[in-house]
Amino acid sequence: MVNSIKHLGIVENINGSRLKVRIVQSSACSSCSVKGHCSASETKEKIIDVYNKNGVPCQIGERVMIVGTTSMGMKAVFLAFVLPFVVLLLALIFSLKLTGGDEILSALISLATLVPYYLIIYMCRQKISRSFMFTLESIYN
């Protein structure tokens, strides 16, 4: 994969070709040499669902490389930030026209439009999650 996102992780659970892998997600500045003096650095552990389509042999507790495409990242940014911003902006413009320019009411209406948006995203989470599948790769490649 040319356009890929790779993370080292540790296998937590194996269920056939589906695995749960624990990765450490760190902010961009967490590797900085002065991070101990700065409150901006942050790391979190996350459990990622991974599909072992290549049949890479692994065991629980073993270190593995998980791979995703950059297009997955772009799609996530689009769904989480770009599309809600467009919905918010369109709702604000539309509600300003409907309310005769009442800015406070228009702002509340436009913010309220995000509730159904995120409810729809939540209800479609299973379908959406199928397009965000990471694969397993040997770390010895």
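Modeller: Let's start with a term: the expected span of a helix is 1.5 Å times one less than its number of residues. Helices (H or I, at least four residues) and strands (E, at least two) are DSSP runs, numbered from the N terminus. This is a predicted model, where local features need pLDDT of at least 70, side-chain atom pairs count only at pLDDT 80 or more, and totals for chains, interfaces and linings use all residues. Residues are numbered from 1 along each chain as its sequence is written, and side-chain values use heavy atoms, with hydrogens and water left out.

Biologist: Fine. How many helices and strands are there, and in what pattern?

Modeller: There are 4 helices and 5 strands, and along the sequence they read β-β-β-β-α-α-α-α-β.

Biologist: How do you know what span to expect for α1?

Modeller: Helix α1 covers residues 70-98, which is 29 residues. Put that count into the rule of 1.5 Å times one less than the number of residues, and the expected span is 42 Å. From first C-alpha to last, α1 reaches 40 Å, close to that value.

Biologist: Where does α1 bend, and by how much?

Modeller: At F78, by about 45°. That bend is the angle between axes fitted to the seven residues ending there and the seven starting there. Just after α1, G100 takes a positive phi of about 75°.

Biologist: S110 sits in helix α2. What makes S110 count as buried?

Modeller: Buried means under 20% relative accessible area, exposed over 50%, and partly exposed in between (1.4 Å probe, protein chains only). S110 has 4% relative accessibility, so S110 counts as buried.

Biologist: Which residues does S110 touch, leaving out those up to four places away in sequence?

Modeller: L88, A91 and L92; contact here means heavy atoms within 4.5 Å. S110 also lies 8.0 Å from L90, C-alpha to C-alpha, although the two are 20 residues apart in sequence.

Biologist: N52 and K53 are both in the loop between β3 and β4. Which of the labels, buried or exposed, does N52 get, and which does K53 get?

Modeller: N52 is at 11%, so N52 counts as buried. K53 is at 51%, so K53 counts as exposed. Beyond its neighbours within four places, N52 is in contact with S17, L19, C58 and L136. K53 is 9.8 Å from F134, C-alpha to C-alpha, with their positions 81 residues apart in sequence.

Biologist: Back to α1. How do you describe the way α1 packs with α2?

Modeller: Two packed helices are described by the angle between their axes and the distance between the axes. The axes of α1 and α2 come within 8 Å and cross at roughly 145°. Axes are lines fitted to C-alpha atoms, for helices over the stretch in contact, and angles run from 0 to 180 degrees between N-to-C directions. L88, A91, L92, S95 and L96 of α1 meet E103, S106, A107, I109, S110 and L111 of α2.

Biologist: And α3? What are its angle and axis distance with α1?

Modeller: About 145°, with the axes 10 Å apart. That contact is made by L79, A80, L83, P84, V87 and L88 of α1 and L114, Y117, Y118 and I121 of α3.

Biologist: Which residues of α1 are buried?

Modeller: M72, L79, P84, A91 and S95. The buried residues of α1 pack against β4, α2, α3, α4 and β5.
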